[in-house]
Amino acid sequence: KKEENVKLSRFISKILRHQPEIIGIEIERMGAWADVNALMEGINTKGKFHIDRPLLEKIVAADSKGRYSFNSDGTKIRANQGHSIDVVIEMEHRTPPEYLYHGTAWRFMGSIVAKGLLPGSRQFVHLSPDYATAVTVGFRHSKPEKPVVLKIHAGQMAAEGFDFMISDNGVWQIAHVPPQ
Ligand code: HQG
């Protein structure tokens with residue numbers, strides 16, 4: 001049951017961040033909101049999962065990274081970060097801690113050393129506030145090899161004028177981290 005909910009949560013992430021069209025729904029550009037009823041109907045029509053309001057609320061509340069938010073009246077839902085589709089989410093521009101971390105795989109390091117960290121298909125480069133989170137993120141790309149964790153001198157970058165943002169669920173975001 002729990003594993004089934006993890007799969008469903010991944011499916012919801014995919015819809016809300018990358019491919020709403022796979023269940024025939026739209027995401028509002030401003031705020032990245034999806035209509036909750038349309039999301040549930042789309043998921044149920046697609047057939048692989050069954051979802052209702054209590055289950056959706058449970059998944060949102062139980063999410064370890066706070067990936068999703070409802071709007072104030074609960075009619076809309078969004079992923080708080082990680083989109084590849086063109087959406088605009090207001091994020092707080094904030095001075096970062098002295099160091100932030102980025103977990104990745106060795107096979108990307110040649111390119112990272114040459115070009116710095118680039119957002120790839122997502123809107124921003126994601127940086128973790130702590131080493132342990134970066135290890136987990138890096139493992140997603142490196143398994144079964146050990147990941148690489150880059151320690152980013154964020155404080156110095158901020159002092160040089162780089163613009164750091166933090167999502168509602170605490171993931172640091174930046175347009176680019178140069179190689180140096
Ligand atoms: C790499 C998870 C070659 C980058 C996490 C990463 C995160 C480069 C991959 C969120 C590069 C992109 C995002 C360059 C960066 N050349 N490769 N110049 N610059 N890369 O999945 O940061 O669990 O789009 O190192 O918590 O791994 O999904 O980004 O390996 O916040 O909620 O290109 O995903 O959140 O991969 O992960 P991704 P990410 P969720």
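The following dialogue examines the ligand site and one sheet of a predicted model.

Tutor: Residues are numbered from 1 along each chain as its sequence is written. Local features of this predicted model need pLDDT of at least 70, side-chain atom pairs count only at pLDDT 80 or more, totals for chains, interfaces and linings use all residues, and side-chain values use heavy atoms, with hydrogens and water left out.

Student: What makes the approach of K65 to the ligand a polar contact?

Tutor: A polar contact is a pair of N or O atoms within 3.5 Å; within protein, one must be able to donate a hydrogen and the other to accept it, and residues adjacent in sequence count only if both atoms are side-chain atoms. A polar side-chain atom of K65 lies 2.5 Å from a ligand oxygen, so the pair meets the distance limit. For R17 and for R67 the corresponding distance is 2.7 Å.

Student: How much of the ligand does the protein cover?

Tutor: Of the 780 Å² of accessible area that the ligand has on its own, 85% is covered by the protein (Shrake-Rupley method, 1.4 Å probe).

Student: Which residues count as charged in the shell around the ligand, and how many are there?

Tutor: Asp, Glu, Lys and Arg count as charged, and the shell has 6 charged residues beside 6 nonpolar and 6 polar ones.

Student: Why are β4 and β6 called edge strands?

Tutor: Two strands pair if DSSP finds at least two bridges between them. In the open sheet, the order is β4-β8-β9-β6, and β4 (92-93) and β6 (125-127) each pair on one side only. β4 is joined to β8 by 2 bridges, so this pair meets the criterion.

Technical notes
Helix = DSSP H or I, 4+ residues; strand = E, 2+ residues; numbered from the N terminus.
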